[in-house]
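Let's work through some exercises together. Look at the picture first, then try each task before you read its solution.

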Amino acid sequence: MSAILKVEHLNVTLHHRRASKKLVENVSFEVRPGECLGILGESGSGKSMTVKSVLGLLDKNFQVSGSAIFDGQDLLKESKEELRRLRGNRITMVLQNPMTCFDPLYRIGNQMAETFATHTSWNAQEIHTRSLEILEQMRIRNGEEVLEKYPHQLSGGMLQRIMIGIAMALQPELLIADEPTTAIDAITQYEILEEFIRIKKQKNTAMLFITHDLGAISRVADRILVMNSGHVVDSGSFDHILKHADDPYTRMLVEKRSAVMHRYRQILHGKESSHA
Ligand SMILES: Nc1ncnc2c1ncn2[C@@H]1O[C@H](COP(=O)(O)OP(=O)(O)OP(=O)(O)O)[C@@H](O)[C@H]1O
């Protein structure tokens, strides 16, 4: 199957006063329907810049070049309006800092309803029923009560899960998740990653999954891209990254994260045997 998104020679340069700084340099990758591409790298390695530039989320201080072909359309050449239309319809995102994605003045239920009224053909009753289903899928109890809450009355982890639920429910062709499980405890993280895997398989959704967490990426990603200082330094299967990566930065990441991963796997195995 051909790629739904093909990024080639992507460069992002920040112009500030008279200085300029390259934040992303010559990054290329592609992702196909039903496939999850993990982008791994430490904080500041350029992961978020890469996806934000592709989605047209950077202001005019950032100069972006290269190409990002989504189903035949070069996103880097599209107008702001067209990109806004694509985001939420064919492409959905789960970004870091869930607080910034919700309006503090409106109840969660109203915000979910507004999103679904804009991007789906569901009627009011369906929207209510689906909103409750989404909360349940995201392991949030007392759905009716939660729909009545304001964002500040919920934890960051809950908001994050609601955001993931909304992004998945819109059934996009491409789902981009930037550190989606960082604010979520390990057990719930397991359940949420399972949801990502289920959606990918059942709906044939393409996914970009950005994280610094080798444990999470091992679970969900089919292929992995490793970024360092704005460059792609390695790519391949999880097995390749874990055992055969030549790049010293990738090896350092693997060694640094192996303790975390060990803990994660222990939790996974505990869960799997308790499900058996
Ligand atoms: N708004 C901004 N203005 C200027 N520089 C920025 C801005 N946002 C990010 N940068 C810089 O761009 C580089 C890449 O940052 P980016 O946010 O893409 O990293 P990241 O790998 O996603 O890490 P994190 O998960 O911490 O966001 C870093 O050097 C960062 O300092």
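Two strands pair if DSSP finds at least two bridges between them. Helices (H or I, at least four residues) and strands (E, at least two) are DSSP runs, numbered from the N terminus. The model you see is predicted: local features need pLDDT of at least 70, side-chain atom pairs count only at pLDDT 80 or more, and totals for chains, interfaces and linings use all residues. Residues are numbered from 1 along each chain as its sequence is written.

**Exercise 1. Find the strands that pair with β3, and say how they run.**

Step 1. Strand β3 spans residues 36–40. Four bridges join β3 to strand β9 (residues 223–228), and these two run parallel. As a partner pair to look for, take Leu37 of β3 with Arg223 of β9.

Step 2. β3 is also joined to β8, by five bridges and again in parallel. Here Leu40 has Thr211 in β8 as its bridge partner.

Step 3. Now check the surroundings of β3. A residue is buried if 20 or more other C-beta atoms lie within 10 Å of its own, exposed if 12 or fewer, and partly exposed in between; the C-beta atoms are placed from the backbone. Five of the five residues of β3 are buried, so the strand is largely enclosed by the rest of the structure. Cys36, Gly38 and Leu40 point one way, while Leu37 and Ile39 point the other way, and all are buried.

**Exercise 2. Follow the chain from β7 to β8 and give the handedness of the crossover.**

Step 1. Start at strand β7, residues 174–178. Five bridges join β7 to strand β8 (residues 206–211), and the two run parallel. Asp178 has Ile210 in β8 as its bridge partner.

Step 2. Between these strands the chain passes through helix α7 (residues 186–203), making a right-handed β-α-β crossover. Right-handed means that, with the strands pointing away from the viewer, the path from the first strand over the helix to the second runs clockwise.

Step 3. β7 is also joined to strand β6 (residues 91–94), through four bridges and in parallel. Met93 has Ile176 of β7 as its bridge partner.

Step 4. Is β7 buried or exposed? Five of its five residues are buried, so β7 is largely enclosed by the rest of the structure. Leu174, Ile176 and Asp178 lie on one side, with Leu175 and Ala177 on the other.

**Exercise 3. Work out where the largest nonpolar core lies.**

Step 1. A nonpolar core is a set of buried Ala, Val, Leu, Ile, Met, Phe, Trp, Tyr and Cys residues joined through C-beta atoms within 7 Å. The largest one has 70 residues, and Leu208, Phe209 and Leu225 have the most contacts inside it.

Step 2. Helix α6 (residues 156–169) gives the most to this core, with nine residues.

Step 3. Domain 1 (5–90 + 177–275) and domain 2 (101–171) both give residues to this core, so it lies between them. These domain bounds come from an automatic or database domain assignment.

Step 4. Look at Phe209 again. Two residues are in contact if their C-beta atoms, placed from the backbone, lie within 7 Å. Not counting residues up to four places away in sequence, Phe209 touches Cys36, Gly38, Ala177, Ile217, Val220 and Ala221.

**Exercise 4. Describe how domain 1 and domain 2 meet.**

Step 1. The centres of the two domains, taken over C-alpha atoms, are separated by 25 Å.

Step 2. Twelve residues of domain 1 are in contact with twelve residues of domain 2. By class, the side of domain 1 that touches domain 2 has five nonpolar, three polar and four charged residues. In this count, Ala, Val, Leu, Ile, Met, Phe, Trp, Tyr, Cys and Pro are nonpolar, Asp, Glu, Lys and Arg are charged, and the others, Gly among them, are polar.

**Exercise 5. Locate Glu78 and list its contacts.**

Step 1. Find the loop between β5 and α2 (80–86): Glu78 lies there.

Step 2. Glu78 has 16 C-beta neighbours inside 10 Å, so it counts as partly exposed.

Step 3. Leaving aside neighbours within four places in sequence, Glu78 is in contact with Gly56, Gln73 and Leu83. Glu78 and Gly56 are 22 residues apart along the chain, and 8.5 Å separate their C-alpha atoms.
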